[in-house]
Amino acid sequence: MKNSSNALYSVAAIRRIEQAAIASLPSGSLMQRAGLAAAKLALGLIPSHSSGAKALVLAGPGNNGGDAFVLASHLFQNGMAVTVLFDAYPEKLPADARGAYAQARQHAIQFSPFSGLPGILEKQWDIVIDGLFGIGLSKAIATPYRELIDAVNRMSCPVLALDVPSGLDADTGTIAGKDGIAIRAAYTITFIGDKPGLHTAHGRDLAGTVHVDDLDIDARFFDAPEIFKNEPKLFSHVLRRRPHNSHKGSYGNVAIIGGAQGMHGAAILSGRSALHLGAGRVFVGFLEQAPAYDSMQPELMCRAAASMEPDDATIVIGPGLGTSPQALEQLAKTCSSSSPLVMDADALNLLATRSDLQHVLAQRGGHTILTPHPLEAARLLSTTAAGIQADRLQAGRELARRFNAVIVLKGSGTVIARPDGKTAINVTGNPALATAGTGDVLAGMCGALLAQSCPAWEAALAAVWIHGLAADRLVERGCGPIGVAAGELIPVAREVLNGLINGMPNA
Ligand SMILES: NC(=O)C1=CN([C@@H]2O[C@H](COP(=O)(O)OP(=O)(O)OC[C@H]3O[C@@H](n4cnc5c(N)ncnc54)[C@H](OP(=O)(O)O)[C@@H]3O)[C@@H](O)[C@H]2O)[C@@H](O)CC1
Ligand SMILES: Nc1ncnc2c1ncn2[C@@H]1O[C@H](COP(=O)(O)OP(=O)(O)O)[C@@H](O)[C@H]1O
Ligand SMILES: [K+]
């Protein structure tokens with residue numbers, strides 16, 4: 001890849017790159033390259049292709065269909081038995097796709113309209129190629145494509161999607177239109193550049209393993225990207241090996257503020273997480289009935305929240321905070337402090353009800369990270385969780401601008417956004433994290449990294465990446481995805497962070 005390998009491009013950006021590149025190339029070149037790259041990948045996915053493996057190729061009415069025709073010719077030439085399901089008028093295909101169709105027609109490839117589907121479904125296929133719709137998808141997929149996709153999603157053989165699983169919005173990761181449907185692929189080969197919708201919302205479930213092929217387009221045609229896949233190269237420059245000549249004061253204080261009656265555990269989880277991610281000292285301030293100490297983690301200093309002076313600590317406010325008047329008082333005190341700040345859970349719910357505090361927050365100095373899940377984000381933006389999920393990137397960016405803070409919009413494909421529009425999508429993590437308390441652990445991790453002098457953007461990127469990888473490691477070890485308890489993430493996250501730092505070249 002000539003372009004930055006973790007860059008993500010909107011459909012509009014891909015169209016600009018495509019148009020600029022097409023103007024400098026013989027017609028049809030990009031489609032030929034796309035079809036060839038996809039065919040090579042498909043052949044590699046089927047070890048038995050030389051002995052007459054069977055491919056079912058779905059071709060749509062646009063250029064995504066064109067890619068499919070090119071691929072079908074290559075698969076045929078490599079000895080595969082190829083059937084193309086195509087149910088549009090060839091003469092209405094765009095020019096390049098029409099050329100690719102004519103090329104495929106010259107081979108002994110079987111073409112079938114959708115009426116042939118029942119017989120086709122009875123056969124065993126080694127691979128299905130989805131070339132129905134790519135970035136030209138303009139509305140919800142309806143009959144007859146809907147029934148075709150529904151049938152393919154029930155098949156057991158692997159599906160390779162060309163560019164984007166048909167029906168998936170490449171910008172947002174949503175299924176296009178009301179009552180739409182989308183292909184569930186095991187693999188996606190995406191062209192020119194990677195796309196955000198493949199990695200967030202429904203994207204991770206529908207795209208499978210994503211391969212990117214830049215179609216050999218010259219680097220000068222690529223815009224400077226604004227959206228990135230979260231990877232250590234975005235944050236590792238702020239991680240430091242510990243010098244011998246250091247002490248606990250070198251690694252900062254974290255003050256967790258939360259733990260209302262019945263919700264002490266949330267604050268404790270955040271505190272333990274901050275401790276194990278390297279904070280020098282961790283205080284846990286409880287709104288009500290502070291315990292004398294945490295018997296499983298006596299290193300935590302438990303206090304009444306009202307007695308804490310947050311000015312010399314990084315503050316994590318929200319885990320188990322509740323929405324009482326005392327909670328609001330703590331929130332107001334925190335918003336007007338200049339300490340590095342992480343705001344989570346009920347702190348965000350309270351913030352949503354108070355425009356005066358929102359204003360103070362947006363004006364405050366220091367580093368601020370807000371970690372809403374979609375419902376908390378919806379309250380902050382006066383919309384619904386579904387409204388947030390309809391465009392997670394846009395919601396993250398809007399929150400970042402409005403609150404002048406780094407936003408961690410949680411969920412599958414967590415979106416990390418900052419006020420200048422730079423945005424990242426996280427691809428570590430898995431549904432093992434869908435359990436109570438994992439957000440508290442993440443907030444504590446953000447706090448620990450801020451306390452160790454990471455700027456807010458890098459602290460958020462690192463915390464989200466490490467948190468997700470800890471969940472992935474637990475799954476690899478057979479401890480999940482079912483039944484992971486949030487606290488189990490903490491020692492594994494510590495291992496991931498130490499692994500990153502120990503793997504860094506000596507400065
Ligand atoms: N241009 C190039 O050089 C390159 C392009 N490349 C490839 O082309 C893809 C983009 O091609 P594209 O722009 O033709 O759009 P595509 O995704 O095929 O769909 C458009 C067609 O579908 C139709 N349609 C849409 N939604 C529908 C629905 N819900 N239900 C039913 N119909 C629907 C739509 O109809 P319309 O909306 O116009 O009525 C139109 O006929 C891109 O993803 C990549 O794979 C690569 O080869 C690289 C070089
Ligand atoms: N299916 C999933 N895939 C990846 N990450 C997930 C998934 N479900 C939840 N998470 C992550 O788990 C955490 C849950 O946070 P949150 O909803 O605040 O939980 P809690 O308030 O119980 O601590 C977030 O970091 C979120 O991104
Ligand atoms: K497709």
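**Exercise 1. Where does Pro144 lie, and between which two elements is that loop?**

Before we start, some housekeeping. Residues are numbered from 1 along each chain as its sequence is written, while chains are lettered from A and ligands numbered from 1 in the order in which they are written. The model is predicted, so local features need pLDDT of at least 70 and side-chain atom pairs count only at pLDDT 80 or more, whereas totals for chains, interfaces and linings use all residues.

Step 1. Elements here are DSSP runs numbered from the N terminus: helices are H or I with at least four residues, strands are E with at least two.

Step 2. Pro144 sits in the loop between β5 (127–131) and α6 (145–154).

Step 3. Now look at the peptide bond: Thr143 and Pro144 are joined in cis, with omega about 0 degrees.

Step 4. There is also a cis bond between Gly480 and Pro481, with omega about 15 degrees. Pro481 is in the loop between α16 (456–476) and α17 (489–502).

**Exercise 2. Work out the strand order of the open sheet of seven strands and say what happens at its edges.**

Step 1. Two strands count as paired if DSSP finds at least two bridges between them.

Step 2. Reading across, the order is β4-β3-β2-β5-β6-β7-β8, and the pairing is parallel.

Step 3. The edge strands are β4 (110–112) and β8; each has a single partner strand, so one side of each has no neighbour in the sheet.

Step 4. On average, neighbouring strands are turned by 20 degrees against each other, direction ignored. For angles, axes are lines fitted to C-alpha atoms (for helices over the stretch in contact), and values run from 0 to 180 degrees between N-to-C directions.

Step 5. Zoom in on one pair: β2 (residues 54–59) and β3 (residues 81–86) run parallel over six bridges. There, Ala55 is opposite Val82 of β3.

**Exercise 3. Trace β10 through the sheet of 11 strands: what are its partners, and is it buried or exposed?**

Step 1. Get the order first: β1-β9-β18-β17-β16-β15-β14-β13-β10-β11-β12, an open sheet with mixed pairing. β1 (7–8) and β12 (301–304) are at the edges with a single partner strand each, so one side of each lacks a neighbour in the sheet.

Step 2. Check the partners of β10. Six bridges tie β10 to β11 in parallel, and four parallel bridges tie β10 to β13.

Step 3. Follow Ala255. Ala255 faces Phe283 in β11, and in β13 the bridge partner of Ala255 is Ile315.

Step 4. Carry on outward from Phe283. In β12, Phe283 has Met301 as its bridge partner; β11 (residues 281–286) and β12 are parallel, with four bridges.

Step 5. Now burial. A residue is buried if 20 or more other C-beta atoms (placed from the backbone) lie within 10 Å of its own, exposed if 12 or fewer, and partly exposed in between. Six of the six residues of β10 are buried, so the strand is largely enclosed by the rest of the structure. Asn253, Ala255 and Ile257 point one way, and Val254, Ile256 and Gly258 point the other.

Step 6. Finally, the connection: β10, helix α8 (residues 264–276) and β11 form a right-handed β-α-β unit. Right-handed means that, with the strands pointing away from the viewer, the path from the first strand over the helix to the second runs clockwise.

**Exercise 4. Compare how Asp216 and Ala345 are placed, given that phi is positive in each.**

Step 1. Asp216 has phi near 60 degrees, and Ala345 has phi of about 50 degrees; neither is a glycine.

Step 2. Asp216 is in the loop between β8 (209–213) and β9 (227–229), whereas Ala345 belongs to helix α10 (residues 345–352).

Step 3. Count neighbours: Asp216 has 12 C-beta neighbours inside 10 Å and so counts as exposed. Ala345 has 24 other C-beta atoms within 10 Å, so it is buried.

**Exercise 5. Describe the residue shells around ligand 1 and ligand 2.**

Step 1. A residue joins a shell if its C-beta atom, placed from the backbone, lies within 6 Å of the molecule.

Step 2. Ligand 1 has 28 residues around it, with Gly62, Asn63, Asn64, Gly134 and Gly136 coming nearest. Helix α3 (63–77) is among the elements giving two or more residues, and α3 gives the most, five.

Step 3. Ligand 2 is surrounded by 18 residues, the closest being Lys410, Gly429, Leu433, Ala434 and Gly439. Helix α15 (residues 438–451) supplies the largest share, four residues.

Step 4. Sort by class: Ala, Val, Leu, Ile, Met, Phe, Trp, Tyr, Cys and Pro are nonpolar, Asp, Glu, Lys and Arg are charged, and the others, Gly among them, are polar.

| Shell | Nonpolar | Polar | Charged |
|---|---|---|---|
| Ligand 1 | 14 | nine | five |
| Ligand 2 | six | 10 | two |
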